[in-house]
Amino acid sequence: MFNSKFGSIPKFYVRAPGRVNIIGEHIDYCGYSVLPMAVEQDMLIAVEPVKTQTLQLANTNPLYPDFSTSSNNIQIDKTKPLWHNYFLCGFKGIQEHFGLSTLTGMNCLVDGNIPPSSGLSSSSALVCCAGLVTLTVLGMNLSKVELAEICAKSERYIGTEGGGMDQSISFLAEEGTAKLIEFSPLRATDVKLPSGAVFVIANSCVEMNKAATSHFNIRVMECRLAAKLLAKYRGLQWGKVLRLEEVQTKLGVSLEEMLWITEDALHPEPYSPEEVCRCLGISLQEFRTQILSPNTQDVLIFKLYQRAKHVYSEAARVLQFKKICEEAPDDTVQLLGELMNQSHASCRDMYECSCPELDQLVDICRKFGAQGSRLTGAGWGGCTVSLVPADKLTSFLANVHQAYYQRSDQNLTFEKQSLFATKPGGGALVFLEA
C-alpha cells in the first residue's frame, strides 16, 4: 500500500501499542500512580524520509483522508481533533524538544488495529508512534522516559489535559507484566498479574472522543479546584497548587486521612463559580483569567467533593491492587476483582464518567463469571476490562457475546475487536529494513 501511495518503499517501521488501564482511573493528572498494561493491538507507521520539507501522511483506513503540510510550519487545529493532528502532536513535540526550526520531510503510512474512541488509547499510541518516527528520522537519541514525557506534553496541543499514563505505558511496557506508573519523576515498576485469571476487554460500542467533548477537561478543572479549596482549608499556600496529590504530600498524611479532610472541608452539593471565589477570596474575573482553562469558562457547577473522594479512594485502590499482586494470597483473584468493582462504582457515582451501556456491560460481565469488571479509559463510552478466571474464559466470551452484542434491541456491528482476552504486550519499537 505504501508503494501504491508514494511510489517507493519504506525505510523503516515504528509501532506503539494501545493500553488497558486495569485500575487507577482519572488520577494520573492528579499526580497519582496508575496500573495499566499495554495491549497487543497497536499503531504501525511505515516511513520514508524525503529531501523536500513536506510531510505527507496517509492511512490504510479510507475513513481517514490523506494529509500534507510543510514540515516547518506545523499547525494543530484544536477545534477539530482530526486523525492527522495526533501525528502532528508527536512530530511537533520532538521538533520543539530539540529546538529545530527546519525539519526534513517524510512520507508516512499509518495503520492501526486499536478500536478508535474506545478508551484503549489509540490517539496516544499515534502521538507516541509519531514522536518515535520523528526521532528516528532525525537520528537523535532519547530515553524511553524522556520520550514518554515529551509525548504526554505534546498531546496537550490537541486540547486535552491528560496526565501521562497512556504515553508512559506505550513506551515503558514490557511483555508479560503490567506496570505501576508513578509520576514526578516518571518511573515504572513491574506488577506480576495472577496466573489463574485473564483480563478481557469488551467494547460498549459507544464512541467517546475526549478531545471533541468538554467532559474530560471539566473533570480536570474540578480536581484542580478541589485541590485549591482543600489547601486553603488546611492553611496551605493554595495559589500554586494544581493537583490533589500535592495537598496530601504537603500535609504529610495518608490517603485515608485525605478522605476525612475532604469530608470536613468540602460539601456534597455542587459549587457555583461565585462560591468557589468566596472560598478562595478572589474575584470572578481572577477566577476566569487565572484559574479556569479556555474550555471551562462557561461551566456553571463544579462537583468538588465527589471528584476528590473518587481520586483519593482510587489512588488507595491502586496501591492495594499492587500489594495483593505482590503478596499473592489464595483469594488473590477475588480480592483484585473486588477492587475493580469498587473502582467502577466510584467512576459511575462519584466521578460520573460512566454511561448506561458501560454499566450494563459491567453487570453482564459479572453475571457470567468475571470476578471484577469496570470501565477503562476516560469513560462516557469505550471499553470495560474484566478479570475472568482462566477456566471460565470460553463460556464467559460466548455468554457476553450473546447477552450484549446479539440482543435484538442493540444495533451493534460486532467485530472481533469488540470482545477479546488480552495479556500484557511490549512497548514501542522501531523496525529497520534490512
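## Reading pockets, sheets and turns

Modeller: Let's start with a space: about 480 Å³ lies in the second largest pocket. Please keep in mind that we are looking at a predicted model.

Biologist: Which residues lie nearest the centre of that pocket?

Modeller: Look for Asp28, Arg156, Gly162, Gly163 and Arg243, which lie nearest the centre among the 23 residues of the lining. Colouring the lining by class is a good next step. You will then find ten nonpolar, six polar and seven charged residues.

Biologist: Which elements give two or more residues to this lining?

Modeller: Two helices do: H4, residues 144–155, and H6, residues 215–233. H4 gives the most, with four residues.

Biologist: I would like to follow H4 a little further. How do I describe two helices that pack together?

Modeller: Here is the general idea: for two packed helices, we give the angle between their axes and the distance between those axes. Now take H4 with helix H3, residues 122–138: their axes come within 10 Å and cross at roughly 120°.

Biologist: Why is H3 called oblique to H4?

Modeller: Check the angle against the cut-offs: the roughly perpendicular range is 65 to 115 degrees, and roughly antiparallel needs over 145. The crossing at roughly 120° fits neither, and therefore H3 counts as oblique to H4. The handedness of this crossing is right-handed.

Biologist: Let's turn to the strands. In what order do the six strands of the open sheet stand?

Modeller: Trace them as S4-S3-S5-S2-S1-S12, with mixed pairing. At the edges you meet S4 (67–70) and S12 (429–432), each of which pairs on one side only. From one strand to the next, the twist averages 20°.

Biologist: How many bridges join S2 to S5?

Modeller: Eight bridges join them, and the two strands run antiparallel. S2 covers residues 35–50, while S5 covers residues 105–112. For one pair to find on screen, try glutamate 48, whose bridge partner in S5 is asparagine 107.

Biologist: And the open sheet of four strands: what is its pairing?

Modeller: The pairing there is antiparallel, and the order is S9-S10-S8-S11. S9 (372–376) and S11 (419–422) stand at the edges with a single partner strand each, so one side of each has no neighbour in the sheet. On average, neighbouring strands of this sheet are turned by 25° against each other, with direction ignored.

Biologist: Which residue of S11 is the bridge partner of isoleucine 201?

Modeller: That partner is phenylalanine 420. S8, residues 197–203, and S11 pair over four bridges in the antiparallel sense.

Biologist: Now for a hairpin. How many residues stand between strands S6 and S7?

Modeller: There are four residues between the strands. The strands themselves, S6 (178–182) and S7 (187–191), pair in the antiparallel sense over five bridges. Alanine 178, for instance, stands opposite valine 191 in S7.

Biologist: What should I look for in the backbone of that loop?

Modeller: Begin with serine 184, which takes a positive phi near 55°. Then move to the peptide bond between serine 184 and proline 185, which is cis, with omega about 0°. Proline 185 belongs to the loop between S6 and S7 too.

Biologist: Where is cysteine 205 found?

Modeller: You will find cysteine 205 in the loop between S8 and H6. Cysteine 205 has a positive phi of about 70°, although it is not a glycine. H6 brings us back to our starting place, as this helix is one of the elements giving two or more residues to the lining of the second largest pocket.

Notes:
Residues numbered from 1 in each chain as written. Predicted model: local features only at pLDDT ≥ 70, side-chain atom pairs only at ≥ 80, totals over all residues. Heavy atoms only, no water. Pairing = 2+ DSSP bridges. Axes fitted to C-alpha atoms, helices over the stretch in contact; angles between N-to-C directions. 1 Å grid on protein atoms, 1.4 Å probe; cavity = no way out; pocket = protein on both sides within 12 Å on 5 of 7 lines; lining within 4 Å. Points joined across faces, edges and corners; volume = space filled by probe spheres on them. Nonpolar A, V, L, I, M, F, W, Y, C, P; charged D, E, K, R; others polar. Parallel < 35°, antiparallel > 145°, perpendicular 65-115°, else oblique. Left-handed = near helix turned anticlockwise from the far one by under 90°.
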